[in-house]
Amino acid sequence: MNIIPLIILFCMAFALQYLLTFLQMRSFMSSYRNLRQRGRVAIGKAKGAFRAGAIAMFAIDGNGSILEGSFMQGVTVFARVRTLRGFEGMDVGEIQKKDCQRMHLPAPVTKAVLEASSNYRILMSGGELTEEPAPLVKAANALKRLVPHAETE
């Protein structure tokens, strides 16, 4: 069996994945830049290990009122940033789950919007944001706890 075509196919798939990821990040950064030009930006995310994740962003004025919102939701590199309507004029720190339900937002987007609101409240009260470990890091930590460590003398 000739392995060279398989290696070439693997390299092409890797290059395509890289290109699509680059285009997705460029789209995200362009949207972030547009929001940033309008004011400060509150961002929240909902991680999805094997399901759709989401990122929500809000341009806010000096009083915390939402000027504009956008979100990205999906599992693949084909997810693109879309406008998030319905929050304009609301105080970002006062968004509640019922506001998201009223707009019929999907669960990951709702989680991301609520995290953006929470992040804003934490930062405005002088707190510091903590990053939740990624799913693979959680799994690795769980495995470390299961495996007994040899004591060193």
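In this predicted model, the residues I3, I4, L6, I7, I8, L9 and M12 make a nonpolar surface patch of about 710 Å². One of these residues, L6, belongs to helix α1, which covers residues 4-38. L6 counts as partly exposed because its relative accessibility is 47%, a value in between the 20% and 50% cut-offs.

The cysteines C11 and C100 contrast in their exposure. C11 has a relative accessibility of 44% and therefore counts as partly exposed. C100, at 0% relative accessibility, counts as buried. A disulfide is a covalent bond between the sulfur atoms of two cysteines. Zero disulfides are found in a search of the whole structure.

H104 is notable for its backbone: although H104 is not a glycine, its phi is positive, at about 55 degrees. This residue is placed in the loop between α2 (97-102) and α3 (107-124). H104 counts as exposed because its relative accessibility is 70%, and the cut-off for that class is over 50%.

The table lists the accessibility of the individual residues discussed above.

| Residue | Relative accessibility | Class |
|---|---|---|
| L6 | 47% | partly exposed |
| C11 | 44% | partly exposed |
| C100 | 0% | buried |
| H104 | 70% | exposed |

Confidence in the prediction is given by pLDDT. The chain has a mean pLDDT of 88, with 95% of its residues reaching 70 or more. Among the elements of the chain, strand β2 (residues 53-60) has the highest mean pLDDT, 94, and helix α4 (residues 135-146) the lowest, 81. Where pLDDT is low, the predicted coordinates should not be read in detail.

Key
Residues are numbered from 1 along each chain as its sequence is written. This is a predicted model: local features need pLDDT of at least 70, side-chain atom pairs count only at pLDDT 80 or more; totals for chains, interfaces and linings use all residues. Side-chain values use heavy atoms; hydrogens and water are left out. Helices (H or I, at least four residues) and strands (E, at least two) are DSSP runs, numbered from the N terminus. Buried means under 20% relative accessible area, exposed over 50%, partly exposed in between (1.4 Å probe, protein chains only). pLDDT is the predictor's confidence in each residue, from 0 to 100. Patches are made of residues with over 30% relative accessible area and no salt bridge: like charges are joined within 9 Å, nonpolar side chains (Val, Leu, Ile, Met, Phe, Trp, Tyr) within 5 Å. Accessible areas come from the Shrake-Rupley method with a 1.4 Å probe; for residues, only the protein chains shown count as cover. A salt bridge is a side-chain nitrogen of Lys or Arg within 4 Å of a carboxyl oxygen of Asp or Glu. A disulfide is a pair of cysteine sulfur atoms within 2.5 Å.
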